[in-house]
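Student: Please take a close look at the largest pocket of this model. What is its volume, and which residues line it?

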Amino acid sequence: SLSGIEAGESNWIRVKKSEYLDGSSEAFSVEPKQSIDLAPIVLQLGGALQGTVLGPDGKGMSDCLVLVTHEGETEVQQSGNPSSTTNARGEFLIQGLPSGAVDLVVKATHYLEKRVPQVEVIEGSVHRDIVIKLEQGNALSGVVVDGRGQPIVGAEVTAKDYAQGVKELRATTGGDGRFTVEGIQANDVVELDVAHDSYSAYTNEKIKVGSADLKIVLKEHGSLRGTVITSEGKVVESFSVQAQNPATKDPRKQPKSQTFTPADGSFEYKGVPGGVYTVYVRAPQYSAATLADVRVEEGESVDLGQIILEVGGKVNGKVVDAVTKRPLEGARVQITQGSSRFLRTDPSNTTGGPLPNPVQVTGADGGFAFVGLKGGALNLRVSLDGYVSRKVDDVNPDVADKSQGLVIEIDQ
C-alpha cells in the first residue's frame, strides 16, 4: 500500500524492478483521506544483455562502463540510459530492456571508447556471451607555463581527435603545470587547444600523437590596477571591478566581474585580453564609477589611479518630445518608490537629516538628476501638462547603461 498520495485527478503509479520492463497503473483520481484499491500491475520480463569486456591482452577488465544507447544519441542523452559496470572478471549484465536493436558503448580510462552496433534484445530472454575487446589509446603529455617559465595551474587542455569524428578529449593542468591527454585514436596528429582565463589561448592544429615533452607557453593577458576611495578620501574596502569590450558581442567572452576586499582599497584586475574597454567599479551604497576607452595591451598592466565613488547611485537624463525630440521644460519626474530609495549623505549615519526629494522638475534643457540612491532597480513616472504620462521601469543605479544619460520620450 502507498500513503501520502496528493489528492487530485489523473494520478498514476509507476513500478520499476531491475529485470522487468517498467509498469504503470491506469490513471485514477483520489479525494482527501480516500482509500482506493487499484487493479494489479503486471510486469513483463524484459530482455537482458550479458557479456565480458576484455583488454588488449585478452583478460577481463574491471570498472568499465557498458552503456545501452541508440545511434545519434549525444552523451547528455545517454546519461539516463541503462548501464552496467564490469566486475573483477570484466563481466556485465544489463536487464529490463524492451525488444529491439541497441548499440553498446564501452568506456574505460586510458582506452579508446568502443561501440558495438545493432545488438539484438528479446523480451524474456538473455543475449549471452557478448565479448567486447578494448584497444589501448594513444596519448600525449606536456607542461603549460607562463612567459617566466612558471607552471600554470588549471589550464584547460583539449585535443580534437578527428579519427573519432572530432571527438574532444580533455585534461586540466595540475600544480606542476603538467597534463596528459589519453584515449587518442589518431596515429599522426591532433589539434590541441589550451585555455586559461588569465592568459591568451593557444591552438596548434598539428601536434604529434605520442609527444611526451610538449612545452606550451601562454602569454599573460593584461591587467588593470588602481585604488578605490570615497569623495571624502576614505578607503572603500569592498567593491567589484568589471571590464567590458564593446566590440565583443558574446557576453560569455567578456572578462568576468571580480570582487575585491582590500584594507587599503587597492586592486589588480587580471585576465584582460588586449583591447579597448569600458571599466565599471561598483560598491554597495555608492554610485558606480565608469571609465571609458581604457586601452589594454597583452601582458601590460594599466594603472587607473584613484577611482572615486560618490555616496549613493545616480539616475540622470532628459525628457523630450517623442516626435520633435525637443527638450521639455517643466516635466515632473518622480521615483515611484519615494524617499525610501535614497541613502543618507553619510552611510554610517542612520538617524541624520531628511532624505532627498523623490520628485524633480526638468529645466530648460529637459534634464533631471537624482543622486544618493540605494542600489537595485527602481521605476520613474514622467508627466507634463498636454502630454501622456509615461512609466519607465528597470532603472538601475548600479548599471550605468540603465541609469545615466537616459532619454525619455513622451507623446502629446
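Tutor: The largest pocket has a volume of about 560 Å³. Here a pocket is an open set of points, on a 1 Å grid over the protein atoms alone, where a 1.4 Å probe fits, with protein on both sides within 12 Å along at least five of seven lines. Grid points are joined across faces, edges and corners, and the volume is the space filled by probe spheres set on the points. The model is predicted: local features need pLDDT of at least 70, side-chain atom pairs count only at pLDDT 80 or more, and totals for chains, interfaces and linings use all residues. Residues are numbered from 1 along each chain as its sequence is written, and side-chain values use heavy atoms, without hydrogens and water.

The lining comprises 19 residues, a lining residue being one with an atom within 4 Å of a point. Closest to the centre of the largest pocket are His196, Asp197, Arg252, Lys253 and Gln254. Strand S16 (189–196), strand S17 (199–208) and strand S22 (266–272) are the elements that each give two or more residues to this lining; strands are DSSP runs of E, at least two residues long, numbered from the N terminus. By class, the lining holds six nonpolar, seven polar and six charged residues. Ala, Val, Leu, Ile, Met, Phe, Trp, Tyr, Cys and Pro count as nonpolar, Asp, Glu, Lys and Arg as charged, and the others, Gly among them, as polar.

Definitions and conventions: Helix = DSSP H or I, 4+ residues; strand = E, 2+ residues; numbered from the N terminus.
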